[in-house]
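Okay, thanks everyone, let me put this one up on the screen. I'll start at one end of a helix and work back to the sheet.

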Amino acid sequence: QSTWGTFQNTMAPSPRKEIRIFDNVYDITDFLHVHPAGSVIMYANAYKDQDGISDATEAFSEFHGRSVAAKKVLALLPKRPARGKRQEVLAAFQEWREKLKAEGYFQPDPYHVAFRIVELISLFLFGLLMFWKGGIVGTCLGVLLHGLFGGRCGWFQHEGGHNSLTGNMFVDKHLQALAMGIGLGSDGNAWNRVHQKHHAAPQKIGFDQDMEVTPCVGF
């Protein structure tokens, strides 16, 4: 009997995996293994609506807000209307985000991007100039300028990873790769994989990898 029960449990169909995005519930069971970002899609389990369905609205907006392809894929997935209301804090955040978008805060500014690039180049070149001059003062100034250059590259690549520099995903990801490679000696794709999990469940212990450094440091 125990063997038969084990066999029945093995042959029983696995439960369908669903997530909520805005006012619809999507069946992602067959999509999980082809999702480009892999398991990050399941990190949305940190937040659930009143029916116990994982709410991935903010995660989808952060990752795919400017992606036409992602929205087309979403439209192809099996879906049904969500029954319950979203958590109050999530609904309020969505409303606030839409207000910011309407006021133009998410609109890319090419002049600002150009200024940021000139800033990075200037910090790097002036740092080299200080090292070339040599001496204690020159070396200290060179270290300071290149330290600022690295820090500013960090912010620049962060915005590139979010596709919020030019609004063009191809351009932003390449600008991010340059800032990460030259300014930080690291890999943009590796940073994206960790940061995507952060945005799928921000500030949620056990999900957000930025919280794994607590209690020493909290982001």
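So, look just after α4: Gly-104 takes a positive phi of about 90° there. Before I go on, this is a predicted model, where local features need pLDDT of at least 70 and side-chain atom pairs count only at pLDDT 80 or more, while totals for chains, interfaces and linings use all residues. Numbering runs from 1 along each chain as its sequence is written, and side-chain values use heavy atoms, with hydrogens and water left out.

Helices and strands here are DSSP runs, numbered from the N terminus: H or I with at least four residues for helices, E with at least two for strands.

Now α4 itself, residues 88–102. Its 15 residues should span 21 Å at 1.5 Å a residue (counting one less than the number of residues), and the end C-alpha atoms are indeed 21 Å apart, so that agrees.

Which residues of α4 are buried? Leu-90, Gln-94, Arg-97 and Leu-100, buried being under 20% relative accessible area, exposed over 50% and partly exposed in between, with a 1.4 Å probe and protein chains only. Down the axis they fall within an arc of 125°, so they line one face; the arc uses directions from the helix axis to the C-beta atoms. They pack against β3 and α2 (57–64), with contact meaning heavy atoms within 4.5 Å. On the other side, Glu-88 and Ala-102 are exposed.

And β3 takes us to the sheet: open, four strands, order β3-β1-β2-β4, mixed pairing, where pairing takes at least two DSSP bridges. β3 (54–55) and β4 (79–81) are at the edges with a single partner strand each, so one side of each has no neighbour in the sheet. β4 runs antiparallel to β2 (residues 24–27), joined by three bridges; Tyr-26 has Lys-79 in β4 as its bridge partner.
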